[in-house]
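Welcome! Please take a moment to look over the sequence and the 3D view before reading on.

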Amino acid sequence: MAWSKESREKQSNRFLNPFKVIDYRGEVIAVYKNSVEAEREGGFQSNAIRQVLAGRARTHRGFQFIRISVDEYLEYIGEE
């Protein structure tokens, strides 16, 4: 069964696995709730992001991805 775009979106919104994206200068350039959002909005590949978050790769497209807590994610996006 192939998932429709809407089905994938709905499913991804159920899971918060937030992380921040760090550039080569060590600055946070973005914060995403999960790898699907990063793929859609940031142009990254979700499977490559998961490889970095799992420690099997160091970077993806020159960026580091570091897992953060849900509280820290909410702080970054301005919700409490």
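The report below goes through the strands, the core, one helix and the aromatic rings.

## The strands

Keep in mind that this is a predicted model. A good place to begin is β1 (19-22). This strand pairs with β2 in the antiparallel sense, over four bridges. β1 is also joined to β3 by four bridges, and these two strands run antiparallel as well. Phe19 helps you find your way here: it stands opposite Tyr32 in β2 and opposite Arg67 in β3.

The hairpin of β1 and β2 has five residues between the strands, and Gly26 takes a positive phi near 90° there. In a regular strand, side chains alternate between the two faces of the sheet. In β1, both faces are covered: Phe19 and Val21 are buried on one side, Lys20 and Ile22 on the other.

## The nonpolar core

In soluble globular proteins, nonpolar side chains tend to be buried together. Here the largest nonpolar core has 10 residues, among them Phe19, Val21, Tyr32, Phe44 and Phe65. Three elements give two or more residues to this core: β1, β2 (28-32) and α3 (46-53). Of these, α3 gives the most, with three residues.

## The helix α3

Which residues of α3 are buried? They are Ser46, Ala48, Ile49, Val52 and Leu53. These residues lie on the same side of α3, because they cover an arc of only 160° around the axis. The cover over the buried residues of α3 includes β1, α2 and β3. After the helix comes Gly55, which has a positive phi near 90°.

Val52 is one of the residues to click on. Leaving aside its neighbours within four places in sequence, Val52 is in contact with Ala57, Arg58, Thr59, His60 and Phe65.

## A buried histidine

His60 sits in the loop between α3 and β3 (64-67). Is His60 buried or exposed? It is buried, because its relative accessible area is 8%, and the cut-off for buried is under 20%.

What surrounds His60? Apart from neighbours within four places in sequence, His60 is in contact with Phe44, Gln45, Ala48, Ile49, Val52 and Phe65. With Gln45 there is a polar detail to look for: the side chain of His60 reaches the backbone nitrogen of Gln45 at 3.1 Å.

## The aromatic rings

A pair of aromatic rings is described by the distance of the centres and the angle of the planes. The count comes to four aromatic pairs. One of them is Phe44 with Phe63: the ring centres are 5.6 Å apart and the planes are at 85°, so this pair is edge-to-face. It links distant parts of the chain, as Phe44 is in the loop between α2 (35-42) and α3 while Phe63 is in the loop between α3 and β3, 19 residues apart. Phe44 counts as buried at 8% relative accessibility, whereas Phe63, at 22%, counts as partly exposed.

Phe44 also pairs with Phe65, with ring centres 5.2 Å apart and planes at 90°, so this pair too is edge-to-face. Because Phe44 lies in the loop between α2 and α3 and Phe65 in strand β3, the pair ties together parts that are 21 residues apart in sequence. Phe65 is buried, with a relative accessible area of 5%. To see the rings together, select Phe19, Tyr32, Phe44, Phe63 and Phe65, which form one aromatic cluster.

How values were computed:
Residues numbered from 1 in each chain as written. Predicted model: local features only at pLDDT ≥ 70, side-chain atom pairs only at ≥ 80, totals over all residues. Heavy atoms only, no water. Core = buried A, V, L, I, M, F, W, Y, C linked by side-chain atoms within 4.5 Å. Buried < 20%, exposed > 50% of the residue type's maximum accessible area, 1.4 Å probe, protein only. Contact = heavy atoms within 4.5 Å. Polar contact = N/O pair within 3.5 Å; in protein donor to acceptor, adjacent residues only side chain to side chain. Phe/Tyr/Trp six-rings, centres within 6.5 Å; stacked < 30°, edge-to-face > 60°. Arc of directions from axis to C-beta. Pairing = 2+ DSSP bridges.
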